[in-house]
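Trainee: Could we sit down with this one and go through its side-chain pairs and strands together?
Mentor: Gladly, let us take it question by question.

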Amino acid sequence: MTEAVETTLRGPEAYSLARRAVEAMEAASVWPTPLNFELWLQYLGEPEGPLGREIQRMLKAAEPFTEEVAEVLAAEYLPRGRLTEQIRDAGQVLDRELSSVTEAISRAHKAQSDYGRTLEGAAGSLDAADGAPQLRAIVSTLSTATHRIQQDNETLEKKLELSTREIARLSEHLEQVRRDSMTDALTNLANRKAFDEQLDSACETALTKGGRLSLAVLDIDHFKRFNDTWGHQTGDQVLRYVASVLAKAAGPTRVAARYGGEEFAMIFPDESLPEVEAVLESVRKEIGSRSLRRRSTNDDLGAVTVSIGFAHWRGGETSTSLLGRADAALYASKRSGRNRVTCADWLDNVA
């Protein structure tokens, strides 16, 4: 399920979307299984998305919606489905490589045992040898056995080398899969899952090491109105633009993430409030400094602005509490006219 739909399901529209999904499944004679429900939520949440268009095509063509079809759609269009399938494929490759290596080692062990028995037999024959012909026969036997064991060892080494390369390639692939699962596909920023993990980790680090930590939440002003006017593709263009500014501001130490929909977040480890405020003001000004143009028609879209709220971690505070205070500061920026930065500590001082 995409982050946009997940964001909807955490808001007041969730019940309406869920009811529509059940009604639509009933109208299409589709059983409301958990997987079908997730597919229909995604379809109705983003009807013009890839999954939405495919389901609409199937409905128009009156194609049967079986469990097998649902599994295929989930693997193709739901991020978790694709991730599960990639991990399953990687596991099968790893199983094959490990089985192959095990067989090669088993063959090498048998060859070593055979060679040991050959040596034992040769030692006994030497004791009983009675002339040059017998000695030559023994040496020939040992030479043949030694050559065979050398060939077996070379075969094993080559197999181990090939398997090592394949496992290294597989490891890189799984690492890429892991990165993809933590990255928002539209903006290339960290996604909600990665953000949650990073924030928990940052709070734990601040607690154990006594460091500083700040969290900022950013929201594009009037994005829904903008999206409804110009369409989702142009809305995506705006999201990517804002994300590019945040990515540049993040650098190597800060974490920039797409929190959901038109909302973004930044984690600032070990920086003071004035430093964080300066960065956020710079971000706000840069985002609003450009007049964007619609790529498809070159229409003037005007300037995009963002409202920002941030909070500084209090010793022992949970990530949930820190996020709640940053959110409160964000909504204070909205109430104060938008296109501004508000610190949660300022709200406390006013109160």
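What follows is a conversation about aromatic pairs, salt bridges, a strand and a serine in this predicted model.

Trainee: Let me begin with the rings. How are the rings of W40 and Y43 arranged relative to each other?
Mentor: A pair of aromatic rings is described by the distance of the centres and the angle of the planes. For W40 and Y43 the centres are 5.8 Å apart and the planes stand at 90°. An angle over 60 degrees is what counts here, so the arrangement of W40 and Y43 is edge-to-face.

Trainee: How far apart are W40 and Y43 along their helix?
Mentor: Both residues belong to helix α3, which covers residues 34-45. W40 and Y43 are buried. Because they are three residues apart in the helix, their separation is about one helical turn.

Trainee: Which residue joins W40 and Y43 in a cluster of rings?
Mentor: The structure has four aromatic pairs. Ring pairs also build a cluster that contains W40 and Y43. The remaining member of that cluster is F65.

Trainee: What about F310 and W346: how many residues lie between their positions in the chain?
Mentor: F310 and W346 pair edge-to-face, with 6.1 Å from centre to centre and 85° between the planes. F310 sits in strand β6 (residues 306-312), and W346 sits in helix α13 (residues 344-350). The pair thus links distant parts of the chain, and the two positions are 36 residues apart.

Trainee: Which partner of that pair is buried, F310 or W346?
Mentor: Buried means under 20% relative accessible area. W346 has a relative accessible area of 35%, so W346 is partly exposed. At 0% relative accessibility, the buried partner is F310.

Trainee: Now the charged residues. Which residue forms a salt bridge with R258, and what does the pair tie together?
Mentor: R258 lies in strand β2 (residues 255-260), while its partner is in the loop between α7 (132-181) and α8 (192-209), so the bridge ties together parts that are 74 residues apart in sequence. R258 is buried at 8% relative accessibility, and the partner is buried at 6%. The closest N and O atoms are 3.3 Å apart, and the partner is D184.

Trainee: Is D196, the partner of R192, buried or partly exposed?
Mentor: The closest N and O atoms of R192 and D196 are 3.2 Å apart in their salt bridge. Both residues lie in helix α8, four residues apart, which is about one turn of the helix. R192 is buried, with a relative accessible area of 16%. D196 has 31% relative accessibility, so D196 counts as partly exposed.

Trainee: Where in the chain does R212, the partner of D270, lie?
Mentor: D270 and R212 meet in a salt bridge with 3.6 Å from N to O. D270 is partly exposed at 48%, and R212 is partly exposed at 40%. D270 lies in the loop between β3 (263-269) and α11 (273-288), 58 residues apart from its partner, and R212 lies in the loop between α8 and β1 (213-220).

Trainee: Which residues are linked with R57 in a network of salt bridges?
Mentor: The structure holds 13 salt bridges. R57 belongs to a network of such bridges, and the residues linked with R57 are E54 and E63.

Trainee: Let me turn to β1. Which of its residues point the other way from L213, L215, V217 and D219?
Mentor: In a regular strand the side chains alternate between the two faces of the sheet. In β1, eight of its eight residues are buried. The residues that point the other way are S214, A216, L218 and I220.

Trainee: Which residue of β6 stands opposite D219?
Mentor: β1 runs antiparallel to β3, with seven bridges between them, and L218 stands opposite F264 in β3. Seven bridges also join β1 to β6, again antiparallel. Opposite D219 in β6 stands S307.

Trainee: Last one: which side chain makes a polar contact with S319?
Mentor: S319 lies in helix α12 (residues 319-335) and is buried, with a relative accessible area of 16%. Leaving out residues up to four places away in sequence, S319 touches L199, D200 and C203. The polar contact spans 2.7 Å, and the partner side chain is that of D200.

Technical notes
Residues numbered from 1 in each chain as written. Predicted model: local features only at pLDDT ≥ 70, side-chain atom pairs only at ≥ 80, totals over all residues. Heavy atoms only, no water. Phe/Tyr/Trp six-rings, centres within 6.5 Å; stacked < 30°, edge-to-face > 60°. Buried < 20%, exposed > 50% of the residue type's maximum accessible area, 1.4 Å probe, protein only. Salt bridge = Lys/Arg side-chain N within 4 Å of Asp/Glu carboxyl O. Pairing = 2+ DSSP bridges. Polar contact = N/O pair within 3.5 Å; in protein donor to acceptor, adjacent residues only side chain to side chain. Contact = heavy atoms within 4.5 Å.
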